[in-house]
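User: I'd like a close look at one part of this model, with the cut-offs spelled out as you go. Here it is.

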Amino acid sequence: MKIIYKAFKQSIPIITGYIPVAISFGILCKTTNLNLWQSAMFSFIVFAGAAQFMSVKMLALGVGSFEIILATFIMNFRMFFMSSVLAENLKKKDKKWYPFISFALTDEVFTVSVVGQKNINNLEVFLIQLFAYLAWGFGTITGYLIGSLFSINLLQSMEIALYSLFIALLTPEAKKSHRVFLLIILSALINTMLKCGKLVSHGTSFIIAVLLSALITSFIPKKNKGSDQNE
Amino acid sequence: MNKVLFIILAMFTITYSLRLVPFYIFDKIKINGKLKEFLSYIPYAALSAIVFPDIFTSINSEKIWIVLAMLFSIFWSLYKKDVIIPVFCSIIIIYIGKCI
């Protein structure tokens, strides 16, 4: 029971952020003339926020299947790194959990289960994912069916939720370690430059920014060994 | 098979594989040293790249309110290890900005 409560508490900011975005996704599906089943299947089967928006927009433009799938691969390649980190961080490696705790691993779930806590337990990760997954899926259906009833201003305001969650998770880590602080600035700068320069696609700029900033930070020499480690 | 269903299934296969495969890789391989350090940086770098620059471009609000919401979240979390207040207060800040 205690673990359910803890997982639910951790998933509140995620749910708050997911519901308005999922409702917007449902509305987008409806305006794109997908049927309810297709819209629900996107959210319940694929469960990948940004990639879902992208592919539905591409479908609406009549883009070919192969290009949509390739774009999904590029955009979601970051999941590969996130999964690697979570796999390393798990308290107990237990094969029977892998198919379950990997399916719903989104940016937000990853963040909440990795940042600021070490050795998270399998069940806890799974529960956080489950709450997030249900919010996303049912949010989509709600948006599809009665999306027009919601206040646009409120839905749009709620879109700040996930960003605030991320900032509130990052700040204490940056305060603890100069290296993490530097890393955050580097990653933000690289990603901003790549995106504003429009040289590479959305997913690619993200991957380059993350890998490059992490690489640079791991090669910065440590002055006093161990004094500034985040472990 | 219709195009939408095909795309949904293909997206599922790709996304799920990207999420699942690392678990099996790291089940077999033990990593340490530089690679471990590198991996430990990924969460922070990823978070930062998710937030910037998108926080300024993807939210339909005047920038000043976004900056206010952002500063509030930073200052609150500098002193308190809590994410709920920043999340809800920043929604309120953006909403107020829209109503004024």
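How many disulfides does the structure hold over all chains? After that, zoom in on helix 7 of chain A: which elements do its buried residues pack against?

Analyst: Quick ground rules: this is a predicted model, where local features need pLDDT of at least 70, side-chain atom pairs count only at pLDDT 80 or more, and totals for chains, interfaces and linings use all residues. Residues are numbered from 1 along each chain as written, chains are lettered from A and ligands numbered from 1 in the order written, and side-chain values use heavy atoms, leaving out hydrogens and water.

Disulfides first: the structure holds 0 over all chains, a disulfide being a pair of cysteine sulfur atoms within 2.5 Å. Take B:Cys99: its closest cysteine sulfur, in B:Cys89, is 16 Å away, so that's too far for a bond.

Now your helix. Helices are DSSP runs of H or I, at least four residues, and strands runs of E, at least two, numbered from the N terminus. Helix 7 of chain A covers residues 107-114, and 8 of its 8 residues are buried, meaning under 20% relative accessible area (exposed is over 50%, partly exposed in between; 1.4 Å probe, protein chains only). Among them are A:Asp107 and A:Glu108, along with A:Phe110 and A:Val114.

What do they pack against? Within chain A, helix 1 (2-31), helix 5 (78-89), helix 8 (122-146) and helix 10 (161-176), and from chain B, helix 2 (33-51). Contact here means heavy atoms within 4.5 Å. Just past the helix, A:Gly116 takes a positive phi of about 80°.
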